[in-house]
Amino acid sequence: MLSPSPEEVLVQQRVADLERRFGDPNDAANPLGLGALLAADERGELLAEAEAALADFGLNAEFVPTELGGRLDRVDTLGRVLRGVFRRDASLGLGYGATTFLAAVAVWAAGTPEQQRRVAELLLGGGRLAIAYHELAHGNDFVRNEFRATPTEDGFTLHGVKQVINNVERAEALVLFSRTEDSAGSRSHSVLLVDKSIAPADRYRYLPRYETVGVRGCQNAGVEFADCPLPADALIGKLGDGVELALRSFQITRSVLPSMILGGGDTALRTAVGFALDRKLYHRSVLEIPHARATIVGAFTDLLISDCLALTATRAVHLVPDATSVYAAAVKYLLPKLLTETAYDLSIVLGANFYVRDGAYGAFQKHVRDLPMISLGHAGTAACQATIVPQLPRLARTAWLSGKAAPEGLFRVRDPLPPLDPDRLVLVAGSDALIDSLDGAAEAVAAMARAGEYAESLAALAAALQEELASLTAECRAMSPKDRTVLASPKAYALADRYTLLLAGAACLGVWRRQEPEDDPFLASPAWLAAALTRLVKRLGHPLPKLPDGWQDQLLDEVLNRYHEARSYDLYDTPIAG
């Protein structure tokens with residue numbers, strides 16, 4: 001392989017350092033191992049020793065921009081580092097890490113230099129932020145939120161209730177989405193930074209904790225404010241900018257959170273592989289059963305598909321910010337859906353052991369419980385689809401197949417990126433480089449020498465994606481005015497589903513075409529791409545070409561090699577601690 005860049009070396013060192021601190025999760029003597037994490041989950045707690053390890057690692061520095069003393073310079077790197085935490089415990093990943101980042105993004109995007117300095121000092125000192133955009137009564141329709149921040153001569157007065165806030169008691173500061181104007185409309189809400197150390201203690205109280213089925217270690221509770229005064233400098237951005245700020249912030253958070261949770265998918269697959277190797281049925285291992293082999297290969301393929309889409313979505317924040325609004329919603333919608341279905345398929349391989357809550361296979365059941373909570377808590381499926389649907393007609397008319405080439409860096413797994421600049425993000429996508437990359441894909445793939453015996457089948461699969469795009473373009477251009485609103489029909493939502501599958505296919509094609517055999521022989525080989533496109537084209541309902549013999553064995557060999565050599569089941573093929 002080619003020598004990594006100095007920047008890549010530093011990232012690899014951080015990932016390796018985190019793995020070293022956590023150690024082998026399967027070691028019964030490891031105080032941060034699987035047994036301790038599952039026991040903490042049963043108690044509804046975050047493992048204190050694990051939180052201490054993350055504090056010692058300085059995980060909060062990953063959430064603070066480099067110019068403010070932290071390590072945040074690339075969104076794709078953030079997802080990559082956090083996978084090691086989510087691989088072990090999604091509650092820990094959310095409760096110690098991601099929740100703070102979700103709140104901090106608003107400050108990095110629109111805060112004053114003083115607000116940014118204060119938040120950076122808080123996080124680098126080991127403190128926490130909590131975020132409260134939504135309310136139970138209105139779900140993801142946060143523009144109808146009733147929690148009020150009434151402007152006064154000296155600042156604001158907070159009044160109302162926010163429910164189900166992760167870390168609301170433990171956090172030193174809160175980021176609150178609040179109504180600041182009685183009239184309806186996009187200027188009715190603002191975002192406030194609440195420093196609890198200066199808020200009068202008798203003007204707010206915490207509400208009881210909510211017990212949840214998944215991520216049980218997260219401390220989700222509510223807070224009620226009663227005419228609580230806040231200074232004017234608590235306002236993040238401008239008065240009435242809340243909706244715009246939220247939508248810009250979501251483009252970053254929706255892009256990176258799915259990348260993080262791929263770590264949980266890795267654990268689910270690794271657990272199933274271990275079971276299939278160890279368990280005997282009729283004097284042979286479960287892995288020798290054809291259905292089990294096919295399921296494991298399919299799960300690995302889905303993880304690669306998911307990571308291709310996550311890679312392009314996180315890198316798009318830097319490279320094509322004018323397309324990120326749809327890419328962020330697409331990855332936040334499709335990736336949890338794929339992982340949920342993958343986990344269900346793998347649960348059949350485990351059989352009754354799927355229900356085990358401790359021991360070697362306990363992590364699988366925990367992952368299945370945790371995933372829906374992660375997917376729903378930040379932005380649910382319908383909310384992401386509702387972001388995509390209104391943009392489809394415009395993209396179909398003005399952006400798709402425009403001839404604009406996608407940046408090469410969009411698909412490069414480890415290449416450098418320009419600095420993160422939230423100001424470049426726009427609310428409505430003005431381009432679609434990922435979909436544009438499908439133009440001529442069938443011919444391009446067939447002409448590549450390393451396609452080898454897969455050239456014909458890859459060309460047919462790419463042609464099916466191009467055919468689907470042509471059909472989708474015509475249907476999106478013909479969408480009725482009602483279907484471009486939140487009252488869209490089920491058919492319009494189905495269009496959004498098909499669009500996300502096309503994005504995933506384009507991402508897989510782009511990643512494969514930009515690989516060099518000497519850099520990553522597996523990603524440069526055509527077998528995984530053929531498997532990935534086959535699964536996507538099947539979902540789209542198109543006929544499937546026959547793949548060359550032996551493709552499944554090639555992927556299964558890779559799965560087993562990574563299992564025995566303790567390497568991650570993603571694009572990075574990272575050494576892990578057991």
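This passage goes through surface patches, aromatic pairs, a few single residues and two unusual backbone angles in a predicted model. Local features were taken at pLDDT of at least 70 and side-chain atom pairs at pLDDT 80 or more, while totals for chains, interfaces and linings use all residues. Residues are numbered from 1 along each chain as its sequence is written, and side-chain values use heavy atoms, with hydrogens and water left out.

Start with the surface. L247, L427 and V428 make up a nonpolar patch there, and together they offer about 220 Å² of accessible area. Areas come from the Shrake-Rupley method with a 1.4 Å probe, and for residues only the protein chains shown count as cover. To join a patch, a residue needs over 30% relative accessible area and no salt bridge; nonpolar side chains (Val, Leu, Ile, Met, Phe, Trp, Tyr) are joined within 5 Å and like charges within 9 Å. A salt bridge here is a side-chain nitrogen of Lys or Arg within 4 Å of a carboxyl oxygen of Asp or Glu. L247 sits in helix 7 (residues 242-278); helices (H or I, at least four residues) and strands (E, at least two) are DSSP runs numbered from the N terminus. With a relative accessible area of 32%, L247 is partly exposed, a label for values between buried (under 20%) and exposed (over 50%), with a 1.4 Å probe and protein chains only.

The other patch is a charged one: R394, R397, R477 and R484 gather into a positive patch on the surface. Lys and Arg count as positive and Asp and Glu as negative, with His and the chain ends not counted; the charge is placed at NZ of Lys, CZ of Arg, CG of Asp or CD of Glu. R394 belongs to helix 12 (residues 392-398) and is partly exposed at 38% relative accessible area.

Now the aromatics. The structure holds 12 aromatic pairs. In the F63 and F101 pair, the ring centres are 6.0 Å apart and the planes meet at 40 degrees, so this one is tilted. Rings of Phe, Tyr and Trp (its six-membered ring) pair if their centres lie within 6.5 Å, with planes under 30 degrees apart called stacked, over 60 edge-to-face and the rest tilted. F63 is in the loop between helix 3 (48-57) and helix 4 (75-88) and F101 in helix 5 (residues 90-110), so the pair ties together parts 38 residues apart in sequence. Both F63 and F101 are buried. Y204 and F225 are also a tilted pair, at 5.6 Å centre to centre and 35 degrees between the planes. This pair links strand 6 (residues 204-207), home of Y204, with strand 7 (residues 220-231), home of F225, 21 residues apart. Y204 and F225 are both buried, and they join F147 and Y206 in one aromatic cluster.

Two single residues come next. R279, in the loop between helix 7 and strand 9 (280-281), is partly exposed at 33% relative accessibility. A507 is in helix 16 (residues 490-513) and is buried, at 0% relative accessible area.

Finally, the backbone. Most residues other than glycine have a negative phi. V164, in strand 3 (residues 155-166), has a positive phi of about 50 degrees without being a glycine, and is partly exposed at 35% relative accessible area. D227, in strand 7, also has a positive phi of about 50 degrees and is not a glycine; its relative accessibility of 44% makes D227 partly exposed.
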